[in-house]
Amino acid sequence: MPLSDQSFVRRELDFPGALRQGASGAAVKRVQEWLGYHGNGTPIDGKFGPGTDRALQGFAARKRIAYGGEVGPAQWAALTEPLARVLGAGANAPAGKPYPQLVRWFAEQHLLAHPIELGGANRGPWVRFYMKGSEGESMLWCAGFVSTVLRQATEHAGRAMPVAGSFGCDELAAQAKAGGRFLGGRAVAGAAPGFAALGACGVFLVRKTASDWVHTGFAFDGNADSFLSIEGNTDHKGSANGFEVAQRARKTAACDFIRLG
């Protein structure tokens, strides 16, 4: 089933019915999360009260859409547009690109939308999108981000996934080893072909030990010393439990890699 038709995706994007003051529940919570994403924050408590109404007034004014005290289809679509845009990015994907280049392009579309956590650690619509509907403090979502982007590129290219995908870095490494796609960081940081062995884009795995990896994302434009990344669940410190999708620079020898091409 395509990603766009998955039930956990449809729960985020399908209009739940009109909402107004006095309403409560998951749909109101989603409205409040998206208000925070758009810069019109209000407590995320699932209760549609005067604060949520005021935040919606501000959001509607900034977006130049009508709002008369009720969240209808137009308001809902405007709130959730960033996720819908990322999900539908394939309609504008460049034709004829090799798979690793296509993966990087899809990762860049996520980066442009700047997914962030909303409502607490490892929570919010972006986290649920990357983690198939799950959220919570234990839901570290960097591998979910990688797996989601790989799936989008795979669906667009009409080919098999290079690795099956996972919520865990160790499992991604195991899948890569089983498929002959795992490259140790020392080899990539060493003699020719070096980083060029990854092609236009690969997956990095931050190595804790020889059998334990603690963070992952996409790697490109690298050499023996460093590379650029697009990664989820990170922050300005490069944390493995941050709050956003961001681009960073990382040390090549500190990571292992998964070849996509």
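Two strands pair if DSSP finds at least two bridges between them. By that rule, strand β4 (residues 202–209) pairs with strand β5 (residues 212–220), and a hairpin of 2 residues joins β4 to β5. The model is predicted. This briefing covers helix α7, the nonpolar cores, the cysteines and the strands around β4.

**Helix α7**
- Helix α7 takes in residues 142–157, which makes 16 residues.
- At 1.5 Å a residue the helix should span 22 Å, and its end C-alpha atoms lie 23 Å apart, which agrees.
- Of the 16 residues of α7, 12 are buried, so the rest of the structure largely encloses the helix.
- The buried stretch runs through C142, A143, G144, F145, V146, S147, T148, V149 and L150.
- Q152, A153 and T154 of α7 are buried too.
- Just after α7, G158 adopts a positive phi of about 65°.

**Nonpolar cores**
- The largest nonpolar core holds 63 residues.
- Inside that core, the residues with the most contacts are V103, W126, F129, F145 and F218.
- Apart from it lies another core, of 9 residues, which include V188, L198, F204 and V206.
- F145 links two topics: it is a buried residue of α7 and one of the residues with the most contacts in the largest core.
- In soluble globular proteins, nonpolar side chains tend to be buried together.

**Cysteines**
- A search of the whole structure turns up 0 disulfides.
- The cysteine sulfur closest to that of C169 belongs to C142, at 3.9 Å.
- That distance is too far for a bond, because a disulfide needs the two sulfur atoms within 2.5 Å.
- C255 is in no disulfide either; its nearest cysteine sulfur is that of C169, 11 Å away.
- C169 has 8% relative accessibility, so it counts as buried.
- C255 has 2% relative accessibility, so it also counts as buried.
- The cut-off behind both calls is under 20% relative accessible area.
- C142 is buried as well, within α7.

**Strands around β4**
- β4 and β5 run antiparallel and share 7 bridges.
- T209 has D212, in β5, as its bridge partner.
- β4 also runs antiparallel to strand β8 (residues 255–259), with 5 bridges joining them.
- G202 has R259, in β8, as its bridge partner.
- β4 thus has two listed partners, β5 and β8.

Methods: Residues numbered from 1 in each chain as written. Predicted model: local features only at pLDDT ≥ 70, side-chain atom pairs only at ≥ 80, totals over all residues. Heavy atoms only, no water. Helix = DSSP H or I, 4+ residues; strand = E, 2+ residues; numbered from the N terminus. Expected span 1.5 Å × (residues − 1). Buried < 20%, exposed > 50% of the residue type's maximum accessible area, 1.4 Å probe, protein only. Core = buried A, V, L, I, M, F, W, Y, C linked by side-chain atoms within 4.5 Å.
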